[in-house]
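Trainee: Please take me closely through the salt bridges, and then set them into the fold around them. I would like each cut-off stated where its term comes in.

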Amino acid sequence: MADLQFQARLKGYSLTTAEILYRMPDHPELLQLFLWQDYDIAPRFPQLGAFLIFWRDHLEGALYRVSVAHQRLVSPTEFRFIDGELVMH
């Protein structure tokens, strides 16, 4: 059985990193940086969206800016089935 993360990558999930700048609750003039990383589907990013909704509803630090980067790890041209087998002694 293939690795679940590999199966997700074949379905279009890619490694996504979000740089989240937020205001500190006790000192709103100061910004703090938080890095979030997970597998998500571009361009809608449902996992990141759910995380940001959780942040807004449960955490006190007001969001200032969110920057997103993602990289497809497996693309259709990199993965193909081949017919044959190579045996080495």
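Mentor: A salt bridge here is a side-chain nitrogen of Lys or Arg within 4 Å of a carboxyl oxygen of Asp or Glu. By that criterion the structure holds two of them. Before we look at each, note that this is a predicted model, in which local features need pLDDT of at least 70 and side-chain atom pairs count only at pLDDT 80 or more, while totals for chains, interfaces and linings use all residues. Residues are numbered from 1 along each chain as its sequence is written, and side-chain values use heavy atoms, with hydrogens and water left out.

One of the two salt bridges is formed by the side chains of E19 and R65, with an N to O distance of 4.0 Å. Because E19 belongs to strand β1 (residues 13-23) and R65 to strand β3 (residues 63-71), this pair ties together parts that are 46 residues apart in sequence; helices (H or I, at least four residues) and strands (E, at least two) are DSSP runs, numbered from the N terminus. Both ends are partly exposed, E19 with a relative accessible area of 32% and R65 with 41%, where buried means under 20%, exposed over 50% and partly exposed in between, for a 1.4 Å probe and protein chains only. In the other salt bridge, the side chains of R56 and D57 meet at 3.2 Å, N to O. Here R56 counts as exposed, at 58% relative accessibility, whereas D57, at 47%, counts as partly exposed.

To place the E19 and R65 pair, consider the sheet, in which three strands are arranged in the open order β2-β1-β3 with antiparallel pairing; two strands pair if DSSP finds at least two bridges between them. The edge strands are β2 (31-41) and β3, each of which pairs on one side only, and the twist from one strand to the next averages 20 degrees. Axes for such angles are lines fitted to C-alpha atoms, for helices over the stretch in contact, and the angles run from 0 to 180 degrees between N-to-C directions. Strands β1 and β2 run antiparallel and are joined by eleven bridges, and the bridge partner of I20 in β2 is F34. Across β1, β2 and β3 lies helix α2, which runs at about 145 degrees to β2. In the chain as a whole there are two helices and three strands, and from the N terminus on the elements follow the order α-β-β-α-β.

Turning to the aromatic side chains, the structure holds five aromatic pairs, where rings of Phe, Tyr and Trp (its six-membered ring) pair if their centres lie within 6.5 Å, and planes under 30 degrees apart count as stacked, over 60 as edge-to-face and the rest as tilted. The rings of Y22 and W55 have centres 4.9 Å apart and planes at 65 degrees, so this pair is edge-to-face. It links distant parts of the chain, with Y22 in strand β1 and W55 in helix α2 (residues 46-58), 33 residues apart, and both Y22 and W55 are buried. The rings of F51 and W55 are also edge-to-face, because their centres lie 6.0 Å apart and their planes stand at 75 degrees. F51 and W55 both lie in helix α2, four residues apart, about one turn of the helix. One aromatic cluster takes in Y22, F34, W36, F51 and W55.

Strand β3, which carries R65, also contains H70, a partly exposed residue with a relative accessible area of 38%. Not counting residues up to four places away in sequence, H70 touches S14, L15, T16, A42 and F45, contact meaning heavy atoms within 4.5 Å.

Two of those neighbours, A42 and F45, have backbone features worth checking. Most residues other than glycine have a negative phi, and most peptide bonds are trans. A cis peptide bond, with omega of about 5 degrees, joins A42 and P43, and P43 is found in the loop between β2 and α2. F45 is in the loop between β2 and α2 and has a positive phi of about 50 degrees although it is not a glycine; F45 is buried, with a relative accessible area of 14%.
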